[in-house]
Amino acid sequence: MSSPLPRPARVGSPARGTRASRVGRAVRALAAASVACATMVACATVPMTGPVVPGDGGDTPSDPYGGYVRLLPAGPQEGVGPEGLVGGFLKDMGSFEEDHKAARSYMFPALSDEWSPDGSVRVFGDLDAVGLETDVAADGLTATVRMRSSLVATIDDSGKYVQSDPGHLLEVPFELAREGGDPEGEWRIENMPDELILSQLDVERTHRPFNLYYFNPGSTALVPDPVYLPVSNDALAERLLNKLVAGPTDWLAPAVDSAFPEGIVPDVEIDAETAVIRVDGVGQIDEFEMAAQVAWTLRQLPEVEEFTLVVNGDEVSFPDSDGESDERPRPASDYWSGVSPSAISAGIRAYFTHEGQLWSAADWGADTIGDAERVPGPLGAGDVQLERFAVSVDESTIAGITVGGGEVVTSLASPGAEVSEVLSDGTFTSVSWDVNGDLWVTEQTSDPEEESEEESGEDEPAEDEPAQDEPATDTDPAPEPGTTDLWLLRDGDEVVRVDISDLRDRSLVDFQISRDGTRAAVVTEVDGETSLQVGRVVSDSDGRVSVGSFITLGRELDEVTDITWRSSDQLAVLGNREGGTGQAFLVSLDGGTPASSAGTPVPGMVNISGAPGQPLVAGSDDGNIWITTDRLNWQKVVEGGSPTFPG
């Protein structure tokens, strides 16, 4: 490691002015609650505990079956009333064995035969807090039991897990009758919704998140599409592959492509450690892309070591894919790395600022880094001072926002390069790159009233507007809702205004594009409350681009201040939980996995960055850079600021 770098001058957040903005032409190519019973009528609280036994899954974190437990269902008890029957049914619905045999035992035979849950799930909170309201008919032969609870989330029939808004109520009616029309007969369910209704604990016990993999436009990287599936060891590989071929979830579908033609029904067989996928009736296809989707999806299942792809009756050969034969490639082979979801090379460097200059270093270890060196070119030399910067995925180009936020510039990271202004006359607040060499830039604009005030006093800046040569502080207010524009600089000679109308009712505090270019992570603010969300990127045939259909993640986190894409399916964020100490968290994009701590809190963290296969790096407000490789402890490694991995 080189000698410690001198402590750099601190660079603040971009100024949040209210100037009208104009877009400059790109001048060169850019490089590649549970509901309380007091609120219910005739509410009953149902005790819902019961024995469980370990399943056959493994113990390692990478094992998708790890932690799975098999529920021992009690079945309907003799002599219980309508409420007791429904309470027992809700408890036993968590048993998936023998096609929900336990749940069907609570139903009349006709309903049991026709009840076919479509895979969708409504997830409620605590079994012990479920409210049941019962209405028994005058003759005592039929009854309606209404279940009420907080709706935690929904899992649609494609497996997409979406958290519900706080306070959302789940209400489900169950129609019951006595067997044989006998006043002394046992109660059984004769009508109910064709879906699963599971507690949050049951979902955690029975389901696991898996990724299906599809291609970004241009097929430069695979994109994970998280789904939740039961892991009862019952044909999991077949179910996963059938979902893959059926296509992406409704949410992600407009943003990605699949090598499998729409409507294809595969024939999937799992024999010992090998999967065989047969697709027939297809025309011109890209066999490598099809197999790459299969390989990356199957990597999640340790029992499948090889697969065979058969297209229109012919086995497809994949030389050098590490299988026993060309027709039996291994899912874990490096053969598929060229379209890796990471969208980034293994040997990337991390970049940081030091006295107005840009530096980079590799080999970030437990408490050290490799030799640090200035980035070649004018930005490494500090010829132009930057408030924020981003490095292209291929590490060839630096984009930055100049001090004061008024310009976006780029420069090749090579000796003799020049600095080019690509956007100007604005108040720019963030920059990030995708794998296609496209640069995404956010700009704060004026609302009509502020713009009118500016025009009436052009030469009198507002008292609270930061001076252009003074960095803004972390206490700057969030921009007003609807006053942020998003620009896409595509191919270096085209500036595209991106539609973000889905965010017009809230303040956009931060924006980071995924490296694959199909999704964006944002921090928004409404009435002082921040929210972490992810939206999809959709381009139409006319070249118009939108980012929308935002889904909230990490609802348990407060005061989110910075975000980064740690991998294609995980974010690293700075925030706190329930008003606790600010720290770094890891947030999965599957929607159901709770945010986890990324190490002991470090006071004064102001930005964070991550990349696949790399440690997390963070900058603190005292001019130091910290890293963590074990998600337990952070180590101070060098003086500097704004550590950033490419992207």
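Where does Gln77 lie? Gln77 sits in the loop between strand S3 (69-71) and helix H1 (82-92). Keep in mind throughout that this is a predicted model. Here are some points to follow with the structure open.

1. **Gln77 and its surroundings.** With a relative accessibility of 42%, Gln77 counts as partly exposed. Look also at Trp187: 110 residues separate Gln77 and Trp187 along the chain, and their C-alpha atoms are 9.8 Å apart.

2. **The overall picture.** The protein has 647 residues, and 53% of them count as buried. Its secondary structure consists of eight helices and 40 strands. About 27300 Å² of the protein is exposed, with 45% of that area supplied by carbon and sulfur atoms.

3. **Helix H5.** This helix covers residues 236-246, and its buried residues include Leu236, Ala237, Leu240, Leu241, Leu244 and Val245. Viewed down the axis of H5, the buried residues fall within an arc of 160°, so they line one face of the helix. It helps to recall that an α-helix has 3.6 residues a turn, so residues three or four places apart point the same way.

4. **What packs over H5.** Several elements cover the buried residues of H5, including strands S11 (207-215), S12 (222-230), S13 (267-271) and S14 (274-279). Helix H6 (287-298) is also part of this cover. After H5 comes Gly247, which has a positive phi, near 115°.

5. **A salt bridge inside one helix.** Side chains of opposite charge can pair when their charged atoms come close. The model has 20 salt bridges. One of them joins the side chains of Arg205 and Asp202, at 3.2 Å from N to O. Both residues belong to helix H4 (residues 200-206), where they are three residues apart, about one turn of the helix. Arg205 and Asp202 are both buried.

6. **A salt bridge between a strand and a loop.** Asp485 and Arg504 also meet through their side chains, with an N to O distance of 3.7 Å. Asp485 is in strand S26 (residues 484-490), while Arg504 is in the loop between strand S27 (494-498) and strand S28 (507-513), so this pair ties together parts that are 19 residues apart in sequence. How buried or exposed are the partners, Asp485 and Arg504? Asp485 is buried, at 8% relative accessibility, whereas Arg504 is partly exposed, at 31%.

7. **An exposed pair, and a network.** The side chains of Asp542 and Arg544 form another salt bridge, at 3.3 Å from N to O. Asp542 has a relative accessible area of 57% and is exposed; Arg544 counts as exposed too, at 54%. Elsewhere, Glu133, Arg146, Arg148 and Glu171 are joined into one network by salt bridges that share partners.

8. **The largest cavity.** Rolling a probe the size of a water molecule over the atoms shows where empty space is left. In this model, the largest cavity holds about 90 Å³ of space. Its lining is made up of 16 residues, and those nearest the centre are Lys160, Pro226, Trp251, Val534 and Leu589. Which elements each supply at least two residues of the lining? They are S12 and strand S31 (545-553). S12 gives the most, with three residues. You have met S12 already: this strand is also among the elements covering the buried residues of H5.

How values were computed
Residues are numbered from 1 along each chain as its sequence is written. This is a predicted model: local features need pLDDT of at least 70, side-chain atom pairs count only at pLDDT 80 or more; totals for chains, interfaces and linings use all residues. Side-chain values use heavy atoms; hydrogens and water are left out. Helices (H or I, at least four residues) and strands (E, at least two) are DSSP runs, numbered from the N terminus. Buried means under 20% relative accessible area, exposed over 50%, partly exposed in between (1.4 Å probe, protein chains only). Accessible areas come from the Shrake-Rupley method with a 1.4 Å probe; for residues, only the protein chains shown count as cover. The arc is that of the directions from the helix axis to the C-beta atoms. Contact means heavy atoms within 4.5 Å. A salt bridge is a side-chain nitrogen of Lys or Arg within 4 Å of a carboxyl oxygen of Asp or Glu. On a 1 Å grid over the protein atoms alone, a cavity is a set of points where a 1.4 Å probe fits but cannot get out, and a pocket is an open set with protein on both sides within 12 Å along at least five of seven lines; lining residues have an atom within 4 Å of a point. Grid points are joined across faces, edges and corners, and a volume is the space filled by probe spheres set on the points.
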